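Colleague: I am new to this structure and would be grateful for guidance on how to read its features. May we go through them one at a time?

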Amino acid sequence: MRVLAQLPPHLGGDLLVDESTGDDAAVLRIDGDRVLVQTVDFFTPIVDDPYLFGSIAAANAVSDVYAMGAEPILGLAVVGFPSDELPLELLAEILRGGADKAKEAGFPIAGGHTIIDAVPKYGLAVTGIAPAGRIVRNSTGRPGDRLYLTKPIGNGVLIAAWRGTAASGVRKLIRRRRPSVDEAIRWMGVLNRDASRAMLEAGASAATDVTGYGLLGHLTTLCRASGTGARVSAASVPLLEGAREWLARGFVPEGSKRNLEAYGSALRSAVPDDDLILLCDAQTSGGLLIAIPPEREPALLEASRARELAIWRIGELTANAGIVEISE
């Protein structure tokens, strides 16, 4: 993101959203009332099952489109695969997982590009479409807006612990116990489609999805883009079961550490370091972070209930520009 910030701005004319605010996708007007929303995301395997890897990667990639309030219409696969070392049947399963998740979301994956690479990588370039007046940005939050989160955090810690305990010596040290990642995998596979539709129906001020920069990283970016600050109650942020325990055992993803280093100067914290790490935990296919005006809060809760959508209020935006206060 810091590298992108050094690029010359492109806003103007029909380009409504570029990289300048760190938003989730680019937005281009295609006629008076419609816009295209485009994004790309890919990563290395986070689970051993190739089908689940493809499914999670697709859910993660399309999340950026949902965060902007758009509906996905087309996907293109982005693939790196060591075809001289691994059987192509594994790649077929990755692609099948991605295609099935895209089908669930209602769009086709119509090709893409593959290269030979030492480490498998998979993701999607996704195109979405929306009415021009319904795009939800990360730069339009206002002081007093309530902050809501639609998925629990902590999957970065759990995946790190699951990988870390695979070593035989570590297994013996912890009496062969390993963390359960079943719930983390389930949440990572949940599309943010219903959350997107609920926030649109309710009239959200701003939104972003929570992925690699962690909850506090994405919130800080939203605050900087909106010219606001934020206040977060750490106790109100939902955590995946076991995340706190495995963090206490020393399983801290490098990405989560980097997030705390990168965004720490904006934080005013009254919570223990472990809580800060969890709030900065690098997420894969996390939920939406939604800013909603107080008078529209009941509408968001009602729209969420109607869709049986999990949602948690975690704080509010403030007038203390650029500062994120964290209380217990």
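**Reading the features in turn**

Modeller: Let us start with a charge placed over an aromatic ring: Arg186 lies over the face of Trp187, at 4.8 Å from the ring centre. Please keep in mind throughout that this is a predicted model.

Colleague: Over which ring does the charged end of Arg249 sit?

Modeller: The charged end of Arg249 is placed over the ring of Trp246, 4.8 Å from the centre of that ring.

Colleague: How should I read pairs of aromatic rings, and how many aromatic pairs are there?

Modeller: Rings are paired by the distance between their centres, and the angle between their planes then names the arrangement. In this model the count comes to 5 aromatic pairs. In one of them, the ring centres of Phe43 and Phe53 are 6.0 Å apart with the planes at 50 degrees; an angle that is neither under 30 nor over 60 degrees makes a pair tilted, so this one is tilted. Phe43 belongs to strand 3 (residues 34-43) and Phe53 to helix 2, so the pair ties together parts 10 residues apart in sequence. Both Phe43 and Phe53 are buried. Trp246 and Phe251 form a tilted pair too, because their planes stand at 55 degrees, with ring centres 5.7 Å apart. Trp246 and Phe251 are likewise buried.

Colleague: Which residues do ring pairs link into a cluster?

Modeller: The cluster consists of Phe43, Phe53 and Tyr122, linked by ring pairs.

Colleague: Phe53 lies in helix 2. How does one read a helix from end to end?

Modeller: One may look at its span, its covering and its two ends. Helix 2 (residues 50-67) has 18 residues and spans 26 Å from first C-alpha to last, close to the 26 Å expected at 1.5 Å a residue. Of its 18 residues, 16 are buried, and helix 2 is thus mostly covered. At its start, a side-chain oxygen of Asp49 comes to within 2.9 Å of the backbone nitrogen of Tyr51. After helix 2 comes Gly69, with a positive phi near 85 degrees.

Colleague: Finally, how is a single residue read, and where is the place of Ser269?

Modeller: One considers its location, its accessibility and its neighbours. Ser269 is in strand 10 (residues 267-269). Its relative accessibility is 34%, between the limits of 20% and 50%, so Ser269 counts as partly exposed. Leaving aside residues up to four places away in sequence, Ser269 touches Leu276 and Ile326. The side chain of Ser269 also reaches the backbone nitrogen of Val271 at 3.1 Å. Between the C-alpha atoms of Ser269 and Val232, which are 37 residues apart along the chain, the separation is 9.6 Å.

Note on methods:
Residues numbered from 1 in each chain as written. Predicted model: local features only at pLDDT ≥ 70, side-chain atom pairs only at ≥ 80, totals over all residues. Heavy atoms only, no water. Helix = DSSP H or I, 4+ residues; strand = E, 2+ residues; numbered from the N terminus. Expected span 1.5 Å × (residues − 1). Buried < 20%, exposed > 50% of the residue type's maximum accessible area, 1.4 Å probe, protein only. Polar contact = N/O pair within 3.5 Å; in protein donor to acceptor, adjacent residues only side chain to side chain. Contact = heavy atoms within 4.5 Å. Phe/Tyr/Trp six-rings, centres within 6.5 Å; stacked < 30°, edge-to-face > 60°. Lys NZ or Arg CZ within 6 Å of the ring centre and 35° of its normal.
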